[in-house]
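Reader: Hi, I have a protein open on my screen and I am not sure where to begin. Could you walk me through it?

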Amino acid sequence: MLRGNYTVLRQIAVIALTVVSPLFFVGVVALAIGSRENNGYTYGPDPSTVLKAVGGVFLAFSLVVLLSAPYLIRKIYLGKVWGAQPWFFGIEGYMPLHEIEKKLLGVDLKRLSWSTTASSLSRHNLLDHKDFVNDCEGQDPTQVDTGIRARVQKAAARRSTASQEKIFTLVDTYTMTVTLFAAVKPPVAVLACGEEGGMQRALLCSYDWTNNTLYRETVLRMETPAFWRMSPIRRVRLGLQTRGKRWGEDVALGQTIGWGHRGS
């Protein structure tokens with residue numbers, strides 16, 4: 001899913017990890033053959049000595065690469081993500097970033113970050129750095145806001161009904177951001193329907209199969225690059241009120257605002 005922009009050091013690491021197994025096998029075989037008796041060979045360099053030297057070099061190189069493999073693998077896959085596939089993953093409840101990254105990507109490499117202003121539950125702080133003037137960094141809402149932490153704990157402790165508020169976590173693999181938001185029904189689709197302040201307005205909608213209608217559950221702010229990777233749709237049946245009222249209307253969407261992406 002993730003593709004790195006390989007530097008020279010990363011390319012060397014990839015090549016070393018690729019050839020380490022054959023070199024290790026050749027080194028062991030060369031040492032085994034070279035350890036046999038000389039059988040009276042007196043002309044030129046002793047073949048057994050040459051085999052021992054070659055096998056020792058290959059085996060030593062292989063052992064160094066194998067011992068440093070954890071560092072090399074981390075070096076290969078650590079860094080900025082290039083060409084990530086755009087997917088939305090929805091999680092009911094709250095999960096910390098390191099746990100999400102382990103579940104989705106297999107290892108925690110600190111790639112994910114909290115969104116700054118995507119939802120009403122998002123929290124951020126200004127970066128105090130000379131290279132990032134008036135820039136902000138997303139924070140874990142449950143760690144900096146006691147009110148949000150109480151809402152998350154309350155939602156996790158109770159057995160919620162269909163009409164009670166629930167906490168969800170949305171993972172965007174294209175921008176590598178995570179957003180915490182509240183909704184009554186689990187959203188299954190994202191519809192980008194407008195723009196304000198340089199950010200896209202996206203409707204997170206649940207689906208009612210009885211009348212083929214998407215119902216708005218909440219509104220999020222999304223970065224424009226995520227909007228570029230969404231697929232256009234021509235028409236959608238959208239309900240702008242809660243699902244309990246069971247009403248919807250056919251909305252014909254044009255190319256400029258009729259962009260949607262079905263969540264995973």
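Author: Let us begin with a term we shall need for the cysteines: a disulfide is a pair of cysteine sulfur atoms within 2.5 Å. Please also keep in mind that what you are looking at is a predicted model.

Reader: How many disulfides does the structure hold?

Author: The count is 0. Take Cys193, whose closest cysteine sulfur belongs to Cys205 and lies 7.1 Å away, which is too far for a bond. Seen from the other end, the closest cysteine sulfur to Cys205 is that of Cys193, again at 7.1 Å and too far for a bond.

Reader: And is Cys205 buried or exposed?

Author: Cys205 is buried, since its relative accessible area is 0%, while Cys193 has a relative accessibility of 31% and therefore counts as partly exposed.

Reader: OK, stepping back, how many helices and strands are in the protein?

Author: The protein has 7 helices and 15 strands. Of its 264 residues, 33% are buried. If you take the contacts with a separation of 6 or more, 55% of them are between residues 24 or more positions apart.

Reader: Let me pick two helices, then. At what angle do H2 and H3 pack?

Author: Helix H2, which covers residues 47-67, packs against helix H3, residues 69-77, at an angle of about 60 degrees, and their axes are 4 Å apart. That angle makes H2 oblique to H3. On the H2 side the contact is made by Val65, Leu66 and Leu67, and on the H3 side by Ala69, Pro70 and Leu72.

Reader: How many of the residues in the contact of H2 with H3 are nonpolar, polar or charged?

Author: Sorted by class, there are 6 nonpolar residues in that contact, with no polar and no charged ones.

Reader: Which residues of H3 are buried?

Author: In H3, the buried residues are Ala69, Leu72 and Ile76. They are on the same side of H3, because the arc they cover around the axis is only 60 degrees.

Reader: Why would residues that are not next to each other point the same way?

Author: An α-helix has 3.6 residues a turn, so residues three or four places apart point the same way. As for this helix, the face of H3 turned away from its buried side carries the exposed residues Pro70 and Tyr71.

Reader: What covers the buried residues of H3?

Author: The cover includes helix H1, which spans 8-34, and also H2.

Reader: Back to H2 for a second: I clicked on Ser62 there. What does Ser62 touch?

Author: Ser62 does lie in helix H2, and if we do not count residues up to four places away in sequence, Ser62 touches Val20, Leu23 and Phe24. With a relative accessibility of 0%, Ser62 counts as buried. You could also look at Leu17, which is 45 residues from Ser62 in sequence, with 9.1 Å between their C-alpha atoms.

Reader: New topic: which residues are buried in H4?

Author: In H4 the buried residues include Leu97, Ile100 and Glu101. Looking down the axis of H4, you would find the buried residues within an arc of 95 degrees, so they line one face of the helix. Their cover includes four strands that you can find on your screen, namely E3 (88-92), E4 (113-114), E7 (166-172) and E8 (177-183).

Reader: And what is Ile100 in contact with?

Author: Ile100, which lies in H4, residues 97-105, is in contact with Ile91, Met95, Leu112, Thr169, Val171 and Val178, once its neighbours within four places in sequence are left aside. Ile100 and Val171 are 71 residues apart in sequence, yet 8.5 Å separates them in space, C-alpha to C-alpha. Ile100 counts as buried because its relative accessibility is 1%.

Reader: Last one, about backbone angles: where is Met176 found?

Author: Met176 is in the loop between E7 and E8, and its phi is near 55 degrees, a positive value in a residue other than glycine. Most residues other than glycine have a negative phi. Met176 is also buried, at 8% relative accessible area. Asn212 has a positive phi near 55 degrees too, and the place of Asn212 is in the loop between strands E10 (199-208) and E11 (213-222). Just after H4, Gly106 takes a positive phi of about 90 degrees.

Terms used
Residues are numbered from 1 along each chain as its sequence is written. This is a predicted model: local features need pLDDT of at least 70, side-chain atom pairs count only at pLDDT 80 or more; totals for chains, interfaces and linings use all residues. Side-chain values use heavy atoms; hydrogens and water are left out. Axes are lines fitted to C-alpha atoms, for helices over the stretch in contact, and angles run from 0 to 180 degrees between N-to-C directions. Angles under 35 degrees count as roughly parallel, over 145 as roughly antiparallel, 65 to 115 as roughly perpendicular and the rest as oblique. Contact means heavy atoms within 4.5 Å. Ala, Val, Leu, Ile, Met, Phe, Trp, Tyr, Cys and Pro count as nonpolar, Asp, Glu, Lys and Arg as charged, and the others, Gly among them, as polar. Buried means under 20% relative accessible area, exposed over 50%, partly exposed in between (1.4 Å probe, protein chains only). The arc is that of the directions from the helix axis to the C-beta atoms.
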